[in-house]
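Please look over the sequence and the structure below. The report that follows takes up selected parts in turn.

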Amino acid sequence: MRIGIIDAEIISKNKHRFPNLCSMKISSYHKSIGDEVSLVLSYEGLEAYDKVYISKVFTKTRVPKKVLSMPNVEYGGTGFFYDKAPPLPYEIEHAKPDYHLYDEWIQKKLDSGVKYSEFAYYLDYSIGYLTRGCFRGCYYCVNRNCKRSVAASSLSEFMDENRPKLCFLDDNFFAFPQWEKLLQPVLDSGKRFQFKQGLDERLLTKDKIIKMSKWLYDGEVIFAFDNIEDKNLIISKLMLIRATVPKWTRELKFYVFCGADKNEVYDEAFWEQDIRNLFERIYILKTFDCKPYIMRFEKAYESEYSSFYATVASWCNQPSLFKTMSFRLFSQCKGMRRKGYNKYKRDIDGYLQEYGFKGSEWRSMEMVSDRFPDIAIQYFDFVGKSLNKYEWLDILLDS
């Protein structure tokens, strides 16, 4: 059979540089039974294939409806079904990923001048799940129907010995009671590794922190701070990290989710509270020298505050600017556009006298300032500083 595989994210206009694990497993399975497999980069000419698989991760990724109704097309993934995505058949789920599925596409990109670093996850990492599921039941999460974390695959099932690094997509690794047993082969491999989806900081203990400090970890240690109700717990665990391992040097990054209403009201009162909660979490993480990474729910993109949330994300997701600029100043400078900023830098008055134009970032910041002045007064001019070891000690003694 002639098999076509479409990774919908690389066809879409949204820049996405991470391989689709489902696509690689499907490719591996069909190659193992003698089928001819191709990565398809267009929705045209699909009639030439006996079977076409389309997989997508994100709901915002668009796929033509007429394609989905074709008799030789099968589609799946959280991007289509969110929390109701059907599982892969056992023989495909446990197939070793075909890490060569993207080779030809990547080579063309590299030949056109795209940097190698853009394809690090395609070329340097073995990717898979050690565990699946989570007990938290967060209403906005694709795992909201899960009750616990369970073992998914052994490391040998997806590790390529020729690749120097490991990337795990686990939903909540520490929630699995025997996590240490699953991790031991990882440590024995001697390869650097990361948990791409993050770890649950709320489950940290002194023992876990000590063990983590000795891991051959790849890049930043990522957690999540999605609910303002968790702030005291988040702060206490950050303090525990510093107290347990005073020489902890690896950067801490937190995914910060916003724009989702459990009650699905999305009125002005919701947006005011959501923005307030977002900035309080940012303020806490900034004070503790952590990097917030803003994750927006689809409703944030659709609201009149879309530009505002985009500006907050742009500010936080650029660490060098986040550390040195207040949100107000960042919004103003971003709103100057390149020509104005190159000439005036942070001279707001000088820029206004010559140009007078305020870009969408500037205007959206002022809109929120006008509507919710107490939020702006409290947060928009804060630059802040990290706490040194003596200040950590003071906090611990006072707590």
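## Helix 10

In this predicted model, helix 10 has seven residues to look for in the interior: I234, K237, L238, M239, L240, I241 and R242 are its buried residues. The list includes K237 and R242. Buried here means under 20% relative accessible area.

Helix 10 runs over residues 231–244. It has 14 residues. From first C-alpha to last it reaches 20 Å, close to the 20 Å expected at 1.5 Å a residue.

## The three-stranded sheet

Three strands make an open sheet. Their order is 10-11-12, and the pairing is parallel. Strands of a sheet pair through backbone hydrogen bonds. Strand 10 (221–224) and strand 12 (291–296) are the edge strands. Each has a single partner strand, so one side of each lacks a neighbour in the sheet. On average, neighbouring strands are turned by 30 degrees against each other, direction ignored.

Strand 11 covers residues 252–258. Strand 10 and strand 11 are joined in the parallel sense over four bridges. A224 stands opposite Y255 of strand 11.

## Helices on the sheet

Which strands does helix 10 touch? Helix 10 packs on the sheet against strand 10 and strand 11. The direction of helix 10 makes about 170 degrees with that of strand 11.

Helix 11 (residues 268–287) lies across strand 11 and strand 12. Helix 11 runs at about 175 degrees to strand 11. Strand 11 is thus a point of reference for both helices.

## Helix 15 against helix 18

Helix 15 (residues 327–334) packs with helix 18 (residues 360–371). The angle is about 145 degrees, and the axes are 6 Å apart. Helix 15 contributes F327, R328, S331, Q332 and K334 to the contact. Helix 18 contributes E361, W362, M365 and S369.

What is the character of this contact? Its residues divide into three nonpolar, three polar and three charged.

## Cysteines

How many disulfides does the structure hold? The count is zero. A disulfide would need two cysteine sulfur atoms within 2.5 Å.

Two cysteines show the distances involved. For C22, the closest cysteine sulfur is in C167, 16 Å away, which is too far for a bond. For C316, the closest cysteine sulfur is in C258, at 9.3 Å, so this pair is also too far for a bond. C316 counts as buried because its relative accessibility is 2%.

Key:
Residues are numbered from 1 along each chain as its sequence is written. This is a predicted model: local features need pLDDT of at least 70, side-chain atom pairs count only at pLDDT 80 or more; totals for chains, interfaces and linings use all residues. Side-chain values use heavy atoms; hydrogens and water are left out. Axes are lines fitted to C-alpha atoms, for helices over the stretch in contact, and angles run from 0 to 180 degrees between N-to-C directions. Helices (H or I, at least four residues) and strands (E, at least two) are DSSP runs, numbered from the N terminus. Contact means heavy atoms within 4.5 Å. Ala, Val, Leu, Ile, Met, Phe, Trp, Tyr, Cys and Pro count as nonpolar, Asp, Glu, Lys and Arg as charged, and the others, Gly among them, as polar. Two strands pair if DSSP finds at least two bridges between them. The expected span of a helix is 1.5 Å times one less than its number of residues. Buried means under 20% relative accessible area, exposed over 50%, partly exposed in between (1.4 Å probe, protein chains only).
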